[in-house]
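Trainee: Could you take me through one part of this model in detail, with attention to how its charged side chains and its strands are placed?

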Amino acid sequence: MQTLGLYIQVPFCASKCSFCNFSSRVARQDVYGRYCQALATEIERLPEVYEAAGIAREIFEAPVDSVYIGGGTPSLLGAERMERIVADLHRLFRFGPAVEFTMEVPPGSADKGFLKHALAVGINRLSIGGQSFSDEELRSVGRLHSAADTGALIQSARGEGFVNISVDLIAGLPHQTLSSWQSSLESVTALQPEHVSIYLFEIDNKSRLGSEVLRHGIRYHADAVPDEDYVAEAYSQARASLRQAGYVQYEISNFALLGHESIHNRKYWQLKPYLGLGAGAHSSDGQFRWENTTAVEEYQRRMAQGESPICEQRRLTPDAQLEEFFFLGLRQSEGINLAEAVRRWGSGPIERWDQKIESLKNDGWLEQCNGHVRLADKALLVSNEIFQEFIGV
């Protein structure tokens with residue numbers, strides 16, 4: 001039976017990190033109540049919104065097996081607002097018997113009382129944005145927490161009963177060295193979270209730090225950002241350290257102890273349906289992709305005036321579906337199942353990829369085994385270039 005994932009966007013932070021390229025912002029606490037009211041209105045009106053957009057109502061019949069509350073810093077909303085959001089979701093959707101329910105929690109943003117309440121309403125997995133265990137690196141990008149705060153949060157969460165915790169680290173932060181990076185890796189494995197995500201700092205103009213690096217400036221410690229060769233070595237170092245600690249890499253950026261791979265994130269890579277709620281949230285049912293308006297004020301206005309929050313919607317043609325199947329599926333360590341592709345789209349469309357796959361295999365970028373095609377190790381750091389090979393073929 002097809003299952004459904006839900007994503008709730010909370011676009012507020014206590015401070016804006018210099019490396020952040022997400023659509024989140026710092027806001028006064030009085031904004032949170034208005035946003036949650038708009039979110040409640042969206043959930044209540046979702047069936048009629050989707051009907052008007054031509055989105056099949058059957059999506060509401062699929063049992064929910066994953067919920068992800070992200071942002072931003074969802075814990076800023078407080079326990080009572082979080083409880084209301086969860087209750088509203090239960091009224092509209094049919095929850096399965098075992099739901100992976102994740103909430104992002106930056107260190108220092110949730111006390112024991114909040115954690116206890118979160119667990120009580122069904123949140124059973126925490127995603128902790130530790131980013132680094134070097135206080136110098138954390139300060140350089142404007143993080144409000146210390147390395148000790150990350151350990152304290154995990155300890156508190158364990159004490160309240162959380163048995164599924166994920167921690168994020170970022171390779172390539174200002175002032176980071178291979179020595180400090182190894183120290184962060186050792187610190188995170190010593191804390192034994194069930195899941196670890198390793199992200200590479202993206203140098204683009206969507207963040208203050210990335211934009212400053214591109215301008216060769218010195219603000220935000222841009223002159224202390226390591227080069228690409230460092231990032232490549234740090235990524236390899238992370239893979240080796242986590243493997244030695246018992247973590248299995250199941251996706252380019254994600255590692256887990258056996259049985260703790262993210263159910264929710266896999267929906268994105270396997271073209272499974274998920275619905276996004278809130279300002280800037282994205283959704284897909286396999287036939288359409290759509291997104292809500294990003295601006296919080298516009299989102300709230302639309303909800304207050306009975307309008308649709310959807311600002312963009314596109315139908316996925318069979319060719320577009322197949323392209324996404326390839327470049328998203330290749331993110332996974334197991335790669336893509338060619339038999340599954342033939343089952344879904346027929347043998348004809350798949351055959352046009354044969355020459356491309358063979359060429360990339362011969363050049364050592366792809367591997368094929370037991371009907372699966374996957375990235376070779378040397379392709380992991382240039383994966384975006386490989387993915388481009390499957391777009392517009």
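Mentor: What follows starts from one helix and moves outward to the sheet and the salt bridges. The model is a predicted one, and the part I would look at closely is helix α8, which covers residues 228–244.

Glu233 has its place in this helix, and together with Asp227, Glu228 and Asp229 it gathers in a patch of negative charge on the surface. With a relative accessibility of 47%, Glu233 counts as partly exposed, since that class lies between the 20% and 50% limits.

Arg239 offers another view of the helix, for its side chain meets that of Asp377 in a salt bridge, with 3.3 Å from N to O. Arg239 lies in helix α8 whereas Asp377 lies in the loop between β17 and α15 (383–388), so the pair ties together parts that are 138 residues apart in sequence. The two partners differ in their cover: Arg239, at 16% relative accessibility, counts as buried, while Asp377, at 53%, counts as exposed.

The loop that holds Asp377 follows on from β17, and this strand belongs to an open sheet of 3 strands, ordered β15-β17-β16 with antiparallel pairing. Because β15 (336–337) and β16 (366–369) stand at the edges, each with a single partner strand, one side of each is left without a neighbour in the sheet. Between β16 and β17 (residues 372–375) the antiparallel pairing runs over 4 bridges, and Arg374 in β17 is the bridge partner of Glu367.

The contact made by Arg239 can be set beside others, as the structure holds 22 salt bridges. One of them joins the side chains of Arg289 and Glu324 at 2.4 Å, N to O, and this pair also links distant parts of the chain, with Arg289 in strand β13 (residues 288–292) and Glu324 in helix α11 (residues 318–329), 35 residues apart. Here Arg289 counts as buried at 16% relative accessibility, and Glu324 counts as buried at 6%.

A salt bridge within one helix is formed by Glu340 and Arg344, whose closest N and O atoms are 3.9 Å apart; as these residues stand 4 apart in helix α12 (residues 338–345), about one helical turn separates them. Glu340 is partly exposed with a relative accessible area of 26%, and Arg344 is partly exposed with 33%. Elsewhere, Glu298, Arg301, Arg302 and Glu307 are joined into one network by salt bridges that share partners.

Conventions
Residues numbered from 1 in each chain as written. Predicted model: local features only at pLDDT ≥ 70, side-chain atom pairs only at ≥ 80, totals over all residues. Heavy atoms only, no water. Patch = residues over 30% accessible without salt bridge, like charges linked within 9 Å, V, L, I, M, F, W, Y side chains within 5 Å. Areas by Shrake-Rupley, 256 points an atom, 1.4 Å probe, with all protein chains shown as cover. Salt bridge = Lys/Arg side-chain N within 4 Å of Asp/Glu carboxyl O. Lys, Arg positive; Asp, Glu negative; His and termini not counted. Charge placed at Lys NZ, Arg CZ, Asp CG, Glu CD. Helix = DSSP H or I, 4+ residues; strand = E, 2+ residues; numbered from the N terminus. Buried < 20%, exposed > 50% of the residue type's maximum accessible area, 1.4 Å probe, protein only. Pairing = 2+ DSSP bridges.
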